[in-house]
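Work through the exercises below with the sequence and the model side by side. Each task is followed by a solution that goes step by step.

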Amino acid sequence: MSRLDSAIRRLQAQRRLLDQAASDIQSLEGVVLELGLGNGRTYDHLRHILPNRDIYVFEREVQAHPDCVPEDDHLFLGDVIDGLHRAQKTLRARAVLIHADLGTGDSQASRDFAKNHLSPAIIPLLAEGAQILSDQPLSLPGATKVPLPEGMDADRYHVYRVDGPIEAHKRFHKAA
C-alpha cells in the first residue's frame with residue numbers, strides 16, 4: 001500500500017471513530033480534550049461535530065492553520081504531560097472524550113510514551129462513560145478496550161471506554 005493510501009485509510013478511520021464517539025457521548029456532560037493539535041484538522045472536525053462542547057487542546061507549539069487554533073483559554077501550550085497535570089486543577093474528572101494523536105516516526109518510543117507517561121496523566125481527567133481514542137495503545141486500568149468497526153485495522157487506532165465510576169480507576173492506578 002502506498003503512503004498516500006495509508007494516510008487516507010488512517011484519516012477515514014479517524015473520522016469514523018470520532019463521529020461515533022461524538023454520538024456515544026451525547027448524553028454525557030463534560031469536556032473534550034485534543035492531545036496534539038498538529039495542523040488542526042481533527043480539532044476543526046471536533047468543533048463541527050460537537051459545537052456545544054468545550055474543547056481543550058494540548059500542544060507543544062502551535063503550527064496549525066490560523067482558522068484551526070483554539071482560544072487561549074482552551075489551549076495548554078508546552079509539554080503535553082505537563083499540560084495534562086496543570087489541567088487536573090481546572091478540568092478535574094470531566095473529560096468525556098479524549099483524542100490522542102501523539103505518535104512519532106519511532107513506533108517503539110511512541111508506544112512507550114503512551115503506556116508510561118500519557119496513560120497515567122489522563123486517568124485523573126476521565127469522567128465516567130468517557131471515550132478515549134488514541135493512535136497508540138494505552139494502559140488504562142478499569143477501562144474497556146472497544147472493538148473497532150468491521151474492516152478497520154486493529155493497530156490503526158485504539159478506542160477505550162470508562163464504564164464505572166472513575167474514582168475506582170484512580171485508586172487502582174495509584175496502587176499499581
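**Exercise 1.** Find how many bridges join strand β2 to β3, and in which sense the two strands run.

*Solution.* In this predicted model, begin with strand β2, which covers residues 55-59 and is joined to β3 by three bridges, the two strands running parallel. To place one of these pairings, take Val57, whose bridge partner in β3 is Leu75. On another strand, Glu34 stands opposite the same residue, Val57 in β2, and four bridges join β1 to β2, again in the parallel sense.

**Exercise 2.** Put the strands of the sheet in order, and explain why one side of β3 and of β6 is left without a neighbour.

*Solution.* The first step is the order itself: seven strands form an open sheet that reads β3-β2-β1-β4-β5-β7-β6, with mixed pairing. The second step is to look at the ends of that order, where β3 (75-77) and β6 (143-146) stand at the edges with a single partner strand each, so that one side of each has no neighbour in the sheet. The third step concerns the twist, which averages 15° from one strand to the next.

The middle of the order can then be checked pair by pair. β1 and β4 pair in the parallel sense over five bridges, and Val31 has Ala95 in β4 as its bridge partner. Ala95 also has a bridge partner in β5, namely Leu126, and strand β4 (residues 95-100) is joined to β5 by five bridges, the two running parallel.

**Exercise 3.** Decide which residues of β1 point one way and which the other way, and whether they are buried or exposed.

*Solution.* Start from the general pattern, in which the side chains of a regular strand alternate between the two faces of the sheet. In β1, Val31, Leu33 and Leu35 point one way, while Val32 and Glu34 point the other way, and all are buried. The count for the whole strand agrees, since five of the five residues of β1 are buried. For strand β5 (residues 126-134), the corresponding count is seven buried residues of nine, and this strand too is mostly covered.

**Exercise 4.** Identify the strands that helix α1 touches and those that α3 touches.

*Solution.* Helix α1 (residues 3-24) packs on the sheet and touches β4, β5 and β7 (158-162), its direction making about 170° with that of β5. Helix α3 also packs on the sheet, but its contacts are with β1 (31-35), β2 and β3, and its direction makes about 140° with that of β3.

**Exercise 5.** Work out how α3 and α4 are arranged, and then do the same for α1 and α2.

*Solution.* Two packed helices are described by the angle between their axes and the distance between the axes. For helix α3 (residues 80-91) and helix α4 (residues 107-122), the angle is about 15° and the axes are 9 Å apart. Angles under 35 degrees count as roughly parallel, and α3 and α4 are therefore roughly parallel to each other. The crossing in which α3 passes α4 is left-handed. The contact is made by Ile81, Leu84, His85 and Gln88 of α3 together with Phe113, His117, Leu118, Ala121 and Ile122 of α4; by class, these are six nonpolar, three polar and no charged residues.

For α1 and helix α2 (residues 41-49), the angle is about 30° and the axes are 11 Å apart, so these two helices are also roughly parallel to each other. Their crossing, however, is right-handed. From α1, the contact draws on Leu11, Gln14, Arg15, Leu18, Asp19 and Ala22, and from α2 on Arg41, Thr42, His45, Leu46 and Ile49. These residues divide into five nonpolar, three polar and three charged.

**Exercise 6.** Describe two loop residues, Asp153 and Arg92, by place and by exposure.

*Solution.* Asp153 lies in the loop between β6 and β7 and is partly exposed, with a relative accessible area of 36%. Leaving aside residues up to four places away in sequence, Asp153 touches Arg9 and Leu148. Asp153 and Arg10 are 143 residues apart in sequence, yet 9.2 Å apart in space, C-alpha to C-alpha.

Arg92 is found in the loop between α3 and β4, and Arg92 is exposed, with a relative accessible area of 53%. Most residues other than glycine have a negative phi. Arg92, although not a glycine, has a positive phi of about 45°.

How values were computed. Residues are numbered from 1 along each chain as its sequence is written. This is a predicted model: local features need pLDDT of at least 70, side-chain atom pairs count only at pLDDT 80 or more; totals for chains, interfaces and linings use all residues. Side-chain values use heavy atoms; hydrogens and water are left out. Axes are lines fitted to C-alpha atoms, for helices over the stretch in contact, and angles run from 0 to 180 degrees between N-to-C directions. Angles under 35 degrees count as roughly parallel, over 145 as roughly antiparallel, 65 to 115 as roughly perpendicular and the rest as oblique. A crossing is left-handed if the near helix is turned anticlockwise from the far one by less than a right angle, and right-handed if clockwise. Contact means heavy atoms within 4.5 Å. Ala, Val, Leu, Ile, Met, Phe, Trp, Tyr, Cys and Pro count as nonpolar, Asp, Glu, Lys and Arg as charged, and the others, Gly among them, as polar. Buried means under 20% relative accessible area, exposed over 50%, partly exposed in between (1.4 Å probe, protein chains only). Two strands pair if DSSP finds at least two bridges between them.
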